[in-house]
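Biologist: Hello! Could you walk me through this model, one question at a time?

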Amino acid sequence: MAKLNPYLNFYGRCVEAMNFYKGIFGGDLEVMLSGDSPAKGQMPAEMHHQVMHSHLKSGAIEIMGSDMAPVNPTEGNTVYLALICDSEEELKNYFGKLSEGGKVEQPLTNAFFGWFGSLEDKFGKHWMFQGEASDRL
Amino acid sequence: MKKLNPYFTFNGNCREAMKFYQKCFGGKLYFQTAGESPASEKMPAEMKKIIVHASLISENFVLMASDMVDDQGLVKGNAVSVSVSFSSERTFRSCYKKLSYDAQQTYPAQHNFYGILFGAVTDRYGNQWLLHFSNDQ
């Protein structure tokens with residue numbers, strides 16, 4: 001019926017961030033700059049190089065991003081991107097790459113409910129890592 | 001196969017919030033409380049009600065959540081949203097209306113310059129949603 005994807009605001013670093021994620025997950029990245037969009041005329045020239053909308057798709061993983069910032073952009077910690085993998089190797093690989101330049105919150109560990117870990121990446125976005133079994137409960 | 005799902009953290013009202021989202025989006029709702037965990041014996045009764053993990057699941061749709069807050073506490077941000085793409089205009093309009101209950105409509109539902117039906121809401125729990133529907137999906 002409906003499909004959910006995270007939508008991330010980067011207020012100026014969208015191209016850099018989305019390429020960082022593409023380097024990790026692979027897939028196709030589409031980027032539309034404000035200056036190439038139908039809204040170009042409504043924006044000052046200095047905003048034309050900013051990303052209006054971008055979309056990374058790699059299999060079931062889809063991430064959308066933009067530089068179109070909210071007023072007073074604030075990085076919170078109440079919305080995480082939960083990455084669920086069915087192998088320990090995949091979890092370790094993504095955890096290692098996404099933590100580069102960022103901050104590990106909970107090191108990847110095999111807890112009683114399965115693999116778990118969390119981090120804040122270098123763009124201030126929060127990621128959570130889980131083994132396949134913990135998807136449902 | 002790897003998956004990426006949005007994961008919300010609440011300050012004790014996870015159950016209420018997830019029931020609200022179930023009313024908006026439909027799907028099956030699963031809860032795991034602290035009282036059901038192996039560590040529950042030493043907990044005071046109040047703590048046993050805390051939601052360790054919740055998931056709202058329907059086809060293509062997994063929303064996960066928790067009441068578990070780490071030491072730094074909850075920081076409400078505005079730089080991560082959840083994008084929802086709908087396969088019908090009817091479900092788009094129905095969900096937009098339901099999510100708007102006691103919410104801030106940050107972008108009223110209307111066709112944007114790409115011809116896509118788009119609406120944005122910061123819901124009653126402070127989470128940001130970007131809803132869209134287009135015929136060519």
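Modeller: Gladly; what follows is a short set of questions and answers on this predicted model.

Biologist: How many residues of chain B are in contact with chain A?

Modeller: Let's start with where that side of chain B comes from. The strands β1 (3-9), β2 (28-33), β3 (51-58), β4 (61-66) and β5 (80-86) and the helix α3 (89-99) of chain B each supply at least two of its residues. On the chain A side, 36 residues take part, and the number from chain B is 42.

Biologist: Which class of residue, nonpolar, polar or charged, has 21 members on the side of chain B that touches chain A?

Modeller: We can go through the classes in turn. There are 5 charged residues and 16 polar ones on that side of chain B. The class with 21 is nonpolar.

Biologist: Do the strands β1 of chain A and β5(B) run parallel or antiparallel, and which residue stands opposite A:Pro6?

Modeller: Strand β1 of chain A covers residues 2-9, and 7 bridges join it to β5(B). The two strands run antiparallel. Opposite A:Pro6, in β5(B), stands B:Val82.

Biologist: What is the separation between the centres of domain 1 and domain 2 of chain A?

Modeller: The domain assignment of chain A places domain 1 at 7-66 and domain 2 at 81-134. In the contact between them, 5 residues of domain 1 meet 5 residues of domain 2. On the domain 1 side, these are 4 nonpolar, no polar and 1 charged. Taken over C-alpha atoms, the centres are separated by 24 Å.

Biologist: Why do α1(B) and α3(B) count as roughly antiparallel or roughly parallel?

Modeller: The axes of α1(B), residues 14-25, and α3(B) come within 8 Å and cross at roughly 155 degrees. Angles over 145 degrees count as roughly antiparallel. Therefore α1(B) and α3(B) are roughly antiparallel.

Biologist: Which residues of α3(B) do B:Lys23, B:Cys24 and B:Phe25 meet?

Modeller: By class, this contact of α1(B) with α3(B) has 4 nonpolar, no polar and 2 charged residues. The partners in α3(B) are B:Cys95, B:Lys98 and B:Leu99.

Biologist: And in β8(B), which residue is the bridge partner of B:Val84?

Modeller: Strand β8(B), residues 128-133, runs parallel to β5(B), with 5 bridges joining them. Strand β7(B), residues 117-122, is joined to β8(B) by 6 bridges and runs antiparallel to it; there B:Val121 stands opposite B:Trp129. For B:Val84, the partner in β8(B) is B:Leu131.

Biologist: Which residue in the hairpin of β7(B) and β8(B) takes a positive phi?

Modeller: This hairpin has 5 residues between its strands. The phi in question is near 85 degrees, and the residue is B:Gly126.

Terms used:
Residues are numbered from 1 along each chain as its sequence is written. Chains are lettered from A and ligands numbered from 1 in the order in which they are written. This is a predicted model: local features need pLDDT of at least 70, side-chain atom pairs count only at pLDDT 80 or more; totals for chains, interfaces and linings use all residues. Two residues are in contact if their C-beta atoms, placed from the backbone, lie within 7 Å. Helices (H or I, at least four residues) and strands (E, at least two) are DSSP runs, numbered from the N terminus. Ala, Val, Leu, Ile, Met, Phe, Trp, Tyr, Cys and Pro count as nonpolar, Asp, Glu, Lys and Arg as charged, and the others, Gly among them, as polar. Two strands pair if DSSP finds at least two bridges between them. Domain bounds come from an automatic or database domain assignment. Axes are lines fitted to C-alpha atoms, for helices over the stretch in contact, and angles run from 0 to 180 degrees between N-to-C directions. Angles under 35 degrees count as roughly parallel, over 145 as roughly antiparallel, 65 to 115 as roughly perpendicular and the rest as oblique.
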